[in-house]
Each structure stands twice: as C-alpha cells, then as structure tokens.
Amino acid sequence: MAADDEIPEGYYRASNGRIYPNKRQSLLDRFTEDPEQAQKYLANSYGVSSVTTATSERDPDFPEGYEILDPAPTRNIADVHGNTRNRAQKAAYNPVLMVLVIKMRDNSLIVYRGVMPDKWDTFKKAESTNDFIEYELHGYPWSKAASKGALPQSPRQSFESGTND
C-alpha cells in the first residue's frame, strides 16, 4: 500500500485501500462559504425562491433567516368551558438550514432538524400543529432550544448543535 503522501491532489484513499477521486465538497461547506450558492441550490432542487427574514422589529422570537408562520395551524377546538388551548403559538422555518422551530404554548422552542422545504409547505397548509407533529415529524430529530439565541443561524452552527444532541 502506498503512503498517504503519494496520493495525488484531488484524490483520497478509501478504507479498502484504493484511491478514488475526491467527491464534491459537502453541502455544509459550500453553504457556509457561499450563502448565495445555497439559495440557488434550494431554488433548483426544491423550488425555494427566497428566504423571508425575521428581524427583531418583525418577530422577536426568531433570528434572521427564518420564515415566520404566526399563528401556527390550529383547529381552535374549545374545551367544555369555551377555552381554546392551542398546542403551538407560532412557527418558523429556515430553508437553508432545513430547521423548523415551533414555539409552544408554554413559550418553549422545539427545534426539528432535517426538515425539507416541502414539509414546511405541508405544515403551512396543515389543519393542526399537533397532527402535523404526530404524522409528519414522527421520527425527526428534535431538541428544545433554551432561547432565540440558541437557534442555529448558520449551516456550521446547525451542524455543530446537531452533533451535540
């Protein structure tokens, strides 16, 4: 077997000992270096044309780069006393990071990773946040975010927080 310094540039040695051409740069690396390229990729692959940003004036619960859905889908079913207890207040989605965040009625932020743009579109049309979580997000990795500041704002942060869960 040849030493690693004998591997030509642009190639790598696989675990089987063979030398192969390097694969394309990872999506995470490309998106970190060039957010505009991320937008083009999303537009071509998933039909996402642009990212609606959240600013502190517009919505204090979510950082920039998240599209906001306020209020979150609900059936508005009242209990015997006429009170509605919606499970979620509002939601936000970042198509570059593929992160869906749902602000629950207790003000906790639930973060779902790896959510494709078509799932976000389905969520926006859903009748109920509860049903969407149960039937569409079952099996997706999720975590609680301590605050708005704990939400990922770049591909690198999303990757790093996903590996710490």
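1. Start with the contact of α3 with α4. In this predicted model, K119, T122 and F123 of α3 meet T129, F132 and E136 of α4. The residues of this contact divide into 2 nonpolar, 2 polar and 2 charged. The two helix axes come within 9 Å and cross at roughly 145°. The crossing of α3 past α4 is right-handed.

2. Now the overall layout. The chain holds 5 helices and 7 strands. Read from the N terminus, the order is β-β-α-α-β-β-β-β-α-α-β-α. Of the 165 residues in the chain, 36% are buried. The accessible surface amounts to about 10300 Å². Carbon and sulfur atoms account for 47% of that surface.

3. Contacts along the chain deserve a word. Take the contacts between residues at least 6 apart in sequence: 48% of these join residues at least 24 apart.

4. Which residues have the most contacts inside the largest nonpolar core? They are L100, I102, Y112, W120, F123 and L137, in a core of 16 residues. Several elements build this core. At least two residues each come from β4 (88-94), β5 (99-104), β6 (109-113), α3 (117-125) and α4 (129-136). Another core, of 11 residues, lies apart from the largest one. Among its members are A92, V99, V101 and V111.

5. L100 is a good residue to inspect in the core. Neighbours within four places in sequence are left aside here. L100 then touches A91, A92 and Y93. Its contacts also include I110, V111, Y112 and V115. W120, F123, F132 and L137 complete the list. F123 comes up twice: F123 is among the residues with the most contacts inside the largest core, and F123 takes part in the meeting of α3 with α4. F132 is in contact with L100 and belongs to the α4 side of that helix meeting.

6. Check the peptide bond between D70 and P71. This bond is cis, with omega about 5°. P71 sits in the loop that runs between β3 (67-69) and β4.

7. Where is D59 found, and is it buried or exposed? D59 lies in the loop between α2 (35-46) and β3. D59 counts as buried because its relative accessible area is 3%, under the 20% cut-off. Leaving aside neighbours within four places in sequence, D59 is in contact with I68, D70 and K90. D59 and D70 stand 11 residues apart in sequence. Their C-alpha atoms are 9.5 Å apart in space. D70 therefore links two points of this note: D70 contacts the buried D59 and is joined to P71 by the cis bond.

8. Two residues other than glycine have positive phi values. M98 has phi near 55°. M98 is in the loop between β4 and β5. Its relative accessibility is 25%, so M98 counts as partly exposed. N107 has phi near 75°. The loop between β5 and β6 holds N107. N107 is partly exposed too, because its relative accessibility is 47%. Both values fall in the band between the 20% cut-off for buried and the 50% cut-off for exposed.

9. A viewing order may help. Begin at F123 and F132, where α3 meets α4. Move to L100, which is in contact with both. Go on to the loops with M98 and N107. Finish at D59 and its contact D70, then the cis bond to P71.

Note on methods: Residues numbered from 1 in each chain as written. Predicted model: local features only at pLDDT ≥ 70, side-chain atom pairs only at ≥ 80, totals over all residues. Heavy atoms only, no water. Helix = DSSP H or I, 4+ residues; strand = E, 2+ residues; numbered from the N terminus. Buried < 20%, exposed > 50% of the residue type's maximum accessible area, 1.4 Å probe, protein only. Contact = heavy atoms within 4.5 Å. Areas by Shrake-Rupley, 256 points an atom, 1.4 Å probe, with all protein chains shown as cover. Core = buried A, V, L, I, M, F, W, Y, C linked by side-chain atoms within 4.5 Å. Axes fitted to C-alpha atoms, helices over the stretch in contact; angles between N-to-C directions. Left-handed = near helix turned anticlockwise from the far one by under 90°. Nonpolar A, V, L, I, M, F, W, Y, C, P; charged D, E, K, R; others polar.
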